[in-house]
Amino acid sequence: MEEKFIYIQKDTKSIYVEFDFKLDNKSNFIGKSWDAYKAGGWVLLTEAQLAFKVANPEASVQEVFEMQLTPMPEPEQKPERTAEDAKREKLIKIDIYDNSDAVNSFSFAGQPCWINAQERATYNTSIQAAELLGESEIEIPLAGQFITMQVAQAKGLLALIQRYADKAAIVTGKHKATVLQLADISVVDAYDHTAGYPDVLTL
């Protein structure tokens with residue numbers, strides 16, 4: 001049976017190259033080490049290395065040369081979720097709900113709308129100015145349109161919205177305080193952060 005010589009050479013297409021003769025080290029860079037292979041040398045594989053390659057067809061060239069499979073890295077362990085993590089997640093949910101339309105909303109003439117704190121402060125300033133000037137009416141933008149109403153009526157409207165916002169803020173604050181006192185993850189997760197808010201105003 002004709003003897004075969006199998007070399008590895010990194011610059012060839014297949015890496016593994018088979019000859020029926022040994023390469024001449026006068027015409028070729030012949031090496032025996034892994035460093036020689038990395039430097040572009042021809043490295044002859046031993047029978048043991050070839051047997052390892054047959055037994056491990058998915059092995060890399062370096063694994064074949066060293067006749068040792070590289071251990072698969074251990075999957076990264078996800079840190080165990082703590083009660084503090086659960087509290088932090090619940091507090092975020094409380095803030096999201098507190099800023100959502102489920103809380104920051106009222107119905108005006110059948111249309112949902114809202115006047116935030118900055119807008120309420122601006123409108124109050126306008127109402128005070130109208131009162132000082134003896135004006136009886138003022139325009140307030142609501143539900144995408146400008147509504148003309150009596151100054152006293154506008155003042156009452158903003159007062160209702162402000163008190164609703166105050167009550168909602170108190171509920172939010174109580175939810176946060178309660179969550180921070182909880183110690184069990186399952187209790188934190190089960191805590192209903194949407195409960196207790198005042199009914200949405202209908203104006």
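Modeller: Two strands pair if DSSP finds at least two bridges between them; helices (H or I, at least four residues) and strands (E, at least two) are DSSP runs numbered from the N terminus. This is a predicted model, in which local features need pLDDT of at least 70, side-chain atom pairs count only at pLDDT 80 or more, and totals for chains, interfaces and linings use all residues. Residues are numbered from 1 along each chain as its sequence is written, and side-chain values use heavy atoms, without hydrogens and water.

Colleague: Which are the edge strands of the open sheet with the order 6-5-9?

Modeller: This open sheet has three strands and mixed pairing. Its edge strands each pair on one side only, and they are strand 6 (111–113) and strand 9 (201–202).

Colleague: Which residue in strand 6 stands opposite phenylalanine 108?

Modeller: Strand 5 covers residues 106–108 and pairs with strand 6 over three bridges, in the antiparallel sense. Opposite phenylalanine 108 in strand 6 stands glutamine 111.

Colleague: Why is the protein chain described as more spread out than a compact globule?

Modeller: The chain comprises seven helices and nine strands. For its 203 residues the globule rule (2.2 Å times the number of residues to the power 0.38) gives 17 Å. The chain is more spread out than a compact globule because its radius of gyration, taken over C-alpha atoms, is well over that value, at 39 Å.

Colleague: What does the C-alpha trace span along its principal axes, and what percentage of the residues is buried?

Modeller: The trace spans about 115 × 40 × 25 Å. Buried residues (under 20% relative accessible area, 1.4 Å probe, protein chains only) make up, of the 203 in the chain, 32%.

Key. Buried means under 20% relative accessible area, exposed over 50%, partly exposed in between (1.4 Å probe, protein chains only).
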